Amino acid sequence: QVQLVESGGGLVQAGGSLRLSCAASGRTFRSYAMGWFRQAPGKERAFVAAISWSGGSTDYADSVKGRFTISRDNAKNTVYLQMNSLKPEDTAVYYCAADSSKATYYSGRYYARAYEYWGQGTQVTVSS
């Protein structure tokens, strides 16, 4: 069983930055595909970013490309989401997701159903 704990959310003005962290339990973290999703009120959970097990491949939703950066530190069992130039439309609950299959990054990274483990979420609110 893997547990994911997000942190780093909060209230920020438009144009500001936040860094989300997702700490994972388990010795096999380094082999997991990892992703970030977000869910705004009244909307479905949406893909934000994903990173392969090695960290060598990353992908982003078009809406955040160039502003957000996903990274991972396998020695610390942690994945990060650096969010810059935040906009009010980035306001949402952000969720960290993990899957034990390395292949998930290559075949299912955009889909919430592809991920086996989820964190509890952290609120990000961007004021205009």
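The following exercises, each with a worked solution, examine a predicted model.

Residues are numbered from 1 along each chain as its sequence is written, and side-chain values use heavy atoms, with hydrogens and water left out. Because the model is predicted, local features need pLDDT of at least 70 and side-chain atom pairs count only at pLDDT 80 or more, while totals for chains, interfaces and linings use all residues.

**Exercise 1. The open sheet**

Determine the order in which 4 strands form an open sheet, and state which strands stand at the edges.

Solution.
Step 1. Strands are DSSP runs of E with at least two residues, and helices are runs of H or I with at least four residues, numbered from the N terminus. Two strands pair if DSSP finds at least two bridges between them.
Step 2. β1 and β3 run antiparallel and are joined by 4 bridges; within this pair, Leu-4 stands opposite Ala-24 in β3.
Step 3. Between β3 and β8 there are 6 bridges, again antiparallel, and Leu-18 has Met-83 in β8 as its bridge partner.
Step 4. β7 and β8 are likewise antiparallel, with 6 bridges; Thr-69 stands opposite Gln-82 in β8.
Step 5. The order is therefore β1-β3-β8-β7, with antiparallel pairing. β1 (4–7) and β7 stand at the edges; each has a single partner strand, so one side of each is left without a neighbour in the sheet.
Step 6. Ignoring direction, neighbouring strands of this sheet are turned by 15° against each other on average (axes are lines fitted to C-alpha atoms, for helices over the stretch in contact, and angles run from 0 to 180 degrees between N-to-C directions).

**Exercise 2. The disulfide**

Identify the cysteines that form a disulfide, and describe the handedness and placement of the bond.

Solution.
Step 1. A disulfide is a pair of cysteine sulfur atoms within 2.5 Å; by this rule the count comes to 1.
Step 2. The partners are Cys-22 and Cys-96, with sulfur atoms 2.1 Å apart.
Step 3. The torsion about their S-S bond is about -80°, so the disulfide is left-handed.
Step 4. Cys-22 belongs to strand β3 (residues 18–24) and Cys-96 to strand β9 (residues 92–99); the pair, 74 residues apart, links distant parts of the chain.
Step 5. Both cysteines are buried (under 20% relative accessible area; exposed is over 50%, partly exposed in between; 1.4 Å probe, protein chains only). In β3, 5 of the 7 residues are buried, so this strand is largely enclosed by the rest of the structure.

**Exercise 3. The largest nonpolar core**

State which residues of the largest nonpolar core touch the most other members, and which strands supply at least two residues each.

Solution.
Step 1. A nonpolar core is a set of buried Ala, Val, Leu, Ile, Met, Phe, Trp, Tyr and Cys residues joined through side-chain atoms within 4.5 Å.
Step 2. Of its 37 residues, Leu-4, Met-34, Trp-36, Leu-81, Met-83 and Tyr-94 touch the most other members.
Step 3. At least two residues come from each of β3, β4, β5, β7, β8 (78–83), β9 and β11 (122–127).
Step 4. Contact means heavy atoms within 4.5 Å. Leaving aside neighbours within four places in sequence, Leu-4 has contacts that include Cys-22, Met-34, Cys-96 and Trp-118.

**Exercise 4. Arg-67 and Ser-85**

Locate Arg-67 and Ser-85, and describe the polar contact between them.

Solution.
Step 1. Arg-67 is in the loop between β6 and β7 (68–73) and is buried, with a relative accessible area of 11%.
Step 2. Ser-85 lies in the loop between β8 and β9; at 41% relative accessible area, Ser-85 is partly exposed.
Step 3. A polar contact is a pair of N or O atoms within 3.5 Å; within protein, one must be able to donate a hydrogen and the other to accept it, and residues adjacent in sequence count only if both atoms are side-chain atoms. The side chain of Arg-67 reaches the backbone oxygen of Ser-85 at 2.9 Å.
Step 4. Phi of Ser-85 is near 50°, a positive value in a residue other than glycine. Most residues other than glycine have a negative phi.

**Exercise 5. Two loop residues**

Is Ser-52 buried or exposed, and is Pro-41 buried or exposed?

Solution.
Step 1. Ser-52, in the loop between β5 and β6 (58–60), has 0% relative accessibility and counts as buried.
Step 2. A polar atom of the Ser-52 side chain lies 3.4 Å from the backbone nitrogen of Gly-56.
Step 3. Pro-41, in the loop between β4 (33–39) and β5 (46–51), counts as exposed at 76% relative accessibility.
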